[in-house]
Amino acid sequence: MSNRTVITFGTFDVFHVGHVRVLQRAAALGDRLVVGVSADALNVAKKGRPPVFNQDERLEIISALKVVDEVFVEESLELKRDYIIEHGADVLVMGDDWAGKFDWVGDVCEVVYLPRTPSVSTTGLIEHIASLG
Ligand code: C2G
């Protein structure tokens, strides 16, 4: 089908190659990629700490990528279905660290979980950088 819209979500803090690969693979599943970037407050609620880069900076980074067509702030995980409908998404893509967690939106769109890129994570990078002293 033409004009297939893909939507994905993430914090994308301390942007790395795992992030760019999941976005490229998500974009390849359709014609248009919309990205919900987690709000700073959502991050504090989920992970107990604010991101290194604030939401305006993370939105600026994600919107500069050529595979990304549109970005918005994700305020709550529970609003996922509303965001999907609002952006007319045909498929939700998430990394497989979320496998099964968003199957409940399967009534409004297809749900695909992609394998994570091994051996790279924001937490690992923060620890690595801190260890450099
Ligand atoms: N990712 C990946 N490989 C890695 C690290 C991350 O494929 N080595 C993917 C994740 O699976 C996710 C995306 O990159 O699909 C963004 O990762 P995070 O910033 O860690 O996203 P998260 O904080 O889990 O936020 O609504 C859900 C949340 O907004 C997801």
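Is asparagine 43 buried or exposed? I opened my notebook with that one, keeping in mind that this is a predicted model. Asparagine 43 turns out to be buried, because its relative accessible area is 1%, and buried means under 20%.

**Entry: around asparagine 43.** I placed asparagine 43 in helix H2. Next I looked for a partner of its side chain, and I found a polar contact with the side chain of threonine 11, at 2.8 Å. Threonine 11 also led me to the ligand: one of its polar side-chain atoms lies 2.7 Å from a ligand oxygen atom.

**Entry: the ligand.** I then went looking for other atoms that meet the ligand. Tryptophan 98 has a polar side-chain atom 2.9 Å from an oxygen atom of the ligand. With threonine 117 it is the backbone that I noted, since a backbone N or O atom there lies 2.7 Å from a nitrogen atom of the ligand. On its own the ligand has 640 Å² of accessible area, and the protein covers 95% of that. I also checked the pockets, and the space taken by the ligand is the largest pocket.

**Entry: the shell.** How many residues surround the ligand? I have 21 in my notes, and the closest are Ser38, Lys47, Glu74, Lys80 and Val120. By kind, I sorted the shell into seven nonpolar, eight polar and six charged residues. Strand S1 (5-10), helix H1 (17-27), helix H2 (40-47) and strand S4 (91-95) each bring at least two residues to the shell. Which of the elements gives the most? That is H1, with three residues.

**Entry: arginine 25.** Staying with helix H1, I picked out arginine 25, which has its place there. I put arginine 25 down as partly exposed, because its relative accessible area is 30%. From arginine 25 I traced a link to leucine 114: the two are 89 residues apart in sequence, yet 8.1 Å apart in space, C-alpha to C-alpha.

**Entry: two positive phi angles.** Valine 14 caught my eye with a positive phi of about 50 degrees, although it is not a glycine. I found valine 14 in the loop between S1 and H1. Valine 14 counts as buried because its relative accessibility is 15%. Serine 119 is not a glycine either, and I noted a positive phi of about 65 degrees for it. Its loop runs between strand S5 (110-114) and helix H5 (122-131). Is serine 119 buried or exposed? I wrote down exposed, because its relative accessibility is 84%, and exposed means over 50%.

How values were computed. Residues are numbered from 1 along each chain as its sequence is written. This is a predicted model: local features need pLDDT of at least 70, side-chain atom pairs count only at pLDDT 80 or more; totals for chains, interfaces and linings use all residues. Side-chain values use heavy atoms; hydrogens and water are left out. A residue is near a molecule or strand if one of its heavy atoms lies within 4 Å of it. A polar contact is a pair of N or O atoms within 3.5 Å; within protein, one must be able to donate a hydrogen and the other to accept it, and residues adjacent in sequence count only if both atoms are side-chain atoms. Accessible areas come from the Shrake-Rupley method with a 1.4 Å probe; for residues, only the protein chains shown count as cover. On a 1 Å grid over the protein atoms alone, a cavity is a set of points where a 1.4 Å probe fits but cannot get out, and a pocket is an open set with protein on both sides within 12 Å along at least five of seven lines; lining residues have an atom within 4 Å of a point. A molecule sits in a cavity or pocket if more than half of its atoms lie within 2 Å of its grid points. Helices (H or I, at least four residues) and strands (E, at least two) are DSSP runs, numbered from the N terminus. Ala, Val, Leu, Ile, Met, Phe, Trp, Tyr, Cys and Pro count as nonpolar, Asp, Glu, Lys and Arg as charged, and the others, Gly among them, as polar. Buried means under 20% relative accessible area, exposed over 50%, partly exposed in between (1.4 Å probe, protein chains only).
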